[in-house]
Structures are given as structure tokens and as C-alpha cells.
Amino acid sequence: MDEESLLLSLELASGSGQGLSPDRRASLLTSLMLVKRDYRFDRVLFWGRILGLVADYYIAQGLSEDQLAPRKTLYSLNCMEWSLLPPATEEMEMQTSVVKGRFMGDPSHAYEHTELQKVNDGEKVFEEEVVVQIKEETRLVSIIDQIDKAVAVIPRGALVKTPFGPIRVNRTFEGLSSSEAKKLSSYFHFREPVELKNKTLLEKADLDPSLDFMDSLEHDFPKGLASCSSSGSWSIQMERGNTLVVLRSLLWPGLTFYHAPRTKNYGYIYVGTGEKNIDLPFML
């Protein structure tokens with residue numbers, strides 16, 4: 001775990017009033033080093049913090065040598081003891097989509113949802129109200145996965161695709177230039193590409209296959225809007241005397257990405273309630 005990037009992430013998040021005490025920072029740094037060792041991860045990222053009514057979930061992710069392989073996600077309530085979460089599924093997302101409002105902060109908490117189910121009684125078919133229980137841990141898995149797919153960010157050039165091997169951290173990456181750092185096209189979604197597969201050969205002609213193998217942020221618009229303002233679903237700002245570029249998601253408020261141009265320093269952190277801004281298309 002990179003101590004400098006962790007502390008910078010926490011410092012940026014503290015701007016929203018959600019900072020950590022020095023003791024908790026120390027616990028976090030020590031425990032994540034142990035997580036990396038015990039699970040044999042290539043690297044560990046402190047993903048962020050989902051704020052609950054009773055307690056907060058601290059989230060970390062472990063990456064394998066292939067940087068785009070499915071990540072392992074862990075959570076902690078005290079920054080010391082970590083529990084591995086199961087992989088997200090489409091069924092989980094459908095099941096938890098009916099749950100609204102804040103997280104409790106108790107993984108065993110069960111939300112109750114009433115739904116109509118068709119029941120066969122001989123030749124007759126009728127609808128019956130059934131109470132379905134949804135565990136908060138299942139909701140946690142689903143929300144983290146949705147945030148990852150929508151707003152996890154990495155700068156162009158930070159990863160490199162080798163012709164025969166996995167996608168690796170680019171050891172020669174020295175940061176974006178100051179001019180590149182101000183463009184959304186210089187940032188990618190940190191996941192397997194979705195939109196790239198739909199591009200024509202002509203559109204792919206200017207792309208470098210070793211670097212441009214993920215979807216760019218420049219075409220991020222809320223569903224239903226083909227185009228809107230130049231920043232779409234993001235705000236982009238230069239801070240600290242133009243030495244730091246900061247991207248903030250408007251779709252998932254609480255997600256902050258940072259990069260110091262001409263350095264290897266970059267990262268993202270989520271600190272929020274785990275609630276999506278469904279009103280974004282009406283705000284642009």
C-alpha cells in the first residue's frame with residue numbers, strides 16, 4: 001500500500017468533512033499491508049468509505065497481476081479487521097434495486113420489501129403479496145460494483161497492454177502533461193471496455209492499442225442524453241496552484257479522483273452514502 005497516495009486520498013476526502021483520525025489512519029495503513037500479504041494481492045487500493053447511520057463501511061480492493069481482472073473487495077467496520085465480500089452478480093443488482101435510502105452500517109441488517117408473485121392454485125392463477133428480505137451485505141456488494149463500473153478512473157498511460165500477457169501497471173508512466181491533465185479524454189474507466197467495442201475501424205485508427213484499450217470519460221453522459229455540457233457527468237478542476245487536477249463525479253456524489261501532472265501520483269476515493277444522483281439528467 002502506497003502511504004503517500006493513501007494519505008493524499010484521505011486528505012482530499014476530508015474536504016467534505018469526512019476525514020479520519022490519526023489513529024484510524026495508522027490502523028488503516030498497517031491493516032492494508034497485512035491484507036496485501038495474507039491474500040497475496042499484487043496491490044491493494046483503499047476504495048473509500050460508505051457512510052451508515054450506525055457505523056461506516058471502510059472498503060478496500062485487492063488487484064491481481066492483471067490489472068483489469070475482477071477485483072476482490074473487502075470491508076471493515078474498524079479499519080483493522082477485514083471481511084471478503086462475494087463477487088457481484090446481475091441478480092444481486094436487480095434484487096437490491098428496490099432498496100432506497102441510507103445504509104445502516106450493519107451487514108446482517110435485513111431490508112424488507114413487499115412484492116407481488118404469481119401463485120398457481122390448480123387451474124387458477126392469482127397474485128399474492130410476499131415479503132422478501134434483502135441483506136445489507138448484498139446491497140453493499142451491488143453498490144460498490146455499480147460505482148466501480150460507472151466512475152472508477154485511471155489516467156491514460158498508467159496501464160499498458162502487452163501483446164501476449166496481462167494488462168500491467170506501466171512502470172514508465174511519468175504522469176500526464178499539464179495540458180493533457182485538463183481534458184476528460186485523458187482519463188479512462190478503470191474496468192473492461194464497453195463502448196470501445198462499438199467503435200468503427202476508422203474511429204480506432206488513431207488509437208494506440210497498447211494504451212487506448214479502455215473507455216474514455218469524455219463521452220460520459222447520463223442515460224437519455226446523447227450529449228450535453230463538455231464535462232457531462234464530471235466536474236474537473238485544477239487545485240493547489242494548478243499542481244493537482246481533481247475530478248468529481250456528478251452521477252455518484254462522493255467519488256473524487258486526483259492526479260498531480262508530471263508525476264506518478266493519482267488515485268480515487270469514494271466517501272458518500274452510496275446513493276446515486278438520479279436527478280443528474282435534469283440538472284444538466
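# A friendly tour in questions

Visitor: I see that S233 is found in the loop between α5 (201–204) and β11. Is S233 buried or exposed?

Guide: Welcome! Keep in mind that this is a predicted model. A residue counts as buried under 20% relative accessible area and as exposed over 50%. The relative accessible area of S233 is 5%, so this residue is buried.

Visitor: What distance separates the C-alpha atoms of S233 and S249?

Guide: Along the chain, S233 and S249 are 16 residues apart. In space, the separation of their C-alpha atoms is 6.2 Å.

Visitor: Let's step back to the whole chain. How many helices and how many strands does the protein chain have?

Guide: We have just met one of the helices, α5 (201–204), and one of the strands, β11. Counting along the protein chain gives six helices and 14 strands.

Visitor: What is the radius of gyration of the protein chain, and how does it sit beside the globule rule?

Guide: For 284 residues, the globule rule gives 19 Å. The value for this chain is close to that, so the chain is as compact as a globular protein of that length. The C-alpha atoms fill a box of roughly 70 × 50 × 40 Å along the principal axes. The radius of gyration itself is 21 Å.

Visitor: What percentage of the 284 residues counts as buried?

Guide: Let's begin on the outside: the accessible surface comes to about 15,600 Å², and 51% of it belongs to carbon and sulfur atoms. As for the residues of the chain, the buried share is 43%.

Visitor: Among contacts with a separation of 6 or more, what share comes from residues 24 or more positions apart?

Guide: V141 gives a nice example of contacts between residues separated in sequence: it touches L85, P86, P87, A88 and M92. Over the protein chain, the share from residues 24 or more positions apart is 57%.

Visitor: How far apart are the centres of the positive and negative side chains?

Guide: The chain carries 32 positive and 40 negative side chains. Each set has its own centre, and the two centres lie apart by 6 Å.

Visitor: What span should helix α2 have, at 1.5 Å a residue?

Guide: Helix α2 covers residues 22–39, which makes 18 residues. The expected span is 1.5 Å times one less than the number of residues. The end C-alpha atoms are 26 Å apart, which agrees with the expected value of 26 Å.

Visitor: Which residues of α2 are buried, and which residue just after α2 takes a positive phi?

Guide: The buried residues of α2 are L28, L29, S31, L32 and V35. Just after the helix, a positive phi of about 55° is taken by R40.

Visitor: How many of the 16 residues of α4 are buried?

Guide: Helix α4 (residues 136–151) reaches 22 Å from its first C-alpha to its last, close to the 22 Å expected. Its buried residues include L140, V141, I143, I144 and I147. The helix is largely enclosed by the rest of the structure, because its buried residues number twelve.

Visitor: How far apart in space are V141 and V35, C-alpha to C-alpha?

Guide: V141 is in helix α4 and is buried, with a relative accessible area of 5%. In sequence, V141 and V35 are 106 residues apart. In space, the distance between their C-alpha atoms is 19 Å.

Visitor: C79 and E81 are both found in the loop between β3 and β4. What is the relative accessible area of each?

Guide: C79 has a positive phi of about 70° although it is not a glycine, and this residue is buried. E81, in contrast, is exposed. The values are 0% for C79 and 59% for E81.

Visitor: Which residue, 50 residues apart from E81 in sequence, is 7.5 Å apart in space?

Guide: Leaving out residues up to four places away in sequence, E81 touches Y75 and S76. The partner at 7.5 Å, C-alpha to C-alpha, is S31.

Visitor: Does N242 count as buried, partly exposed or exposed?

Guide: N242 is found in the loop between β11 (234–239) and β12 (244–249), and its phi is near 65°. Residues between the 20% and 50% cut-offs are partly exposed. At 49% relative accessibility, N242 therefore counts as partly exposed.

Terms used
Residues numbered from 1 in each chain as written. Predicted model: local features only at pLDDT ≥ 70, side-chain atom pairs only at ≥ 80, totals over all residues. Heavy atoms only, no water. Helix = DSSP H or I, 4+ residues; strand = E, 2+ residues; numbered from the N terminus. Rg over C-alpha atoms; globule rule 2.2 N^0.38 Å. Buried < 20%, exposed > 50% of the residue type's maximum accessible area, 1.4 Å probe, protein only. Contact = heavy atoms within 4.5 Å. Areas by Shrake-Rupley, 256 points an atom, 1.4 Å probe, with all protein chains shown as cover. Lys, Arg positive; Asp, Glu negative; His and termini not counted. Charge placed at Lys NZ, Arg CZ, Asp CG, Glu CD.
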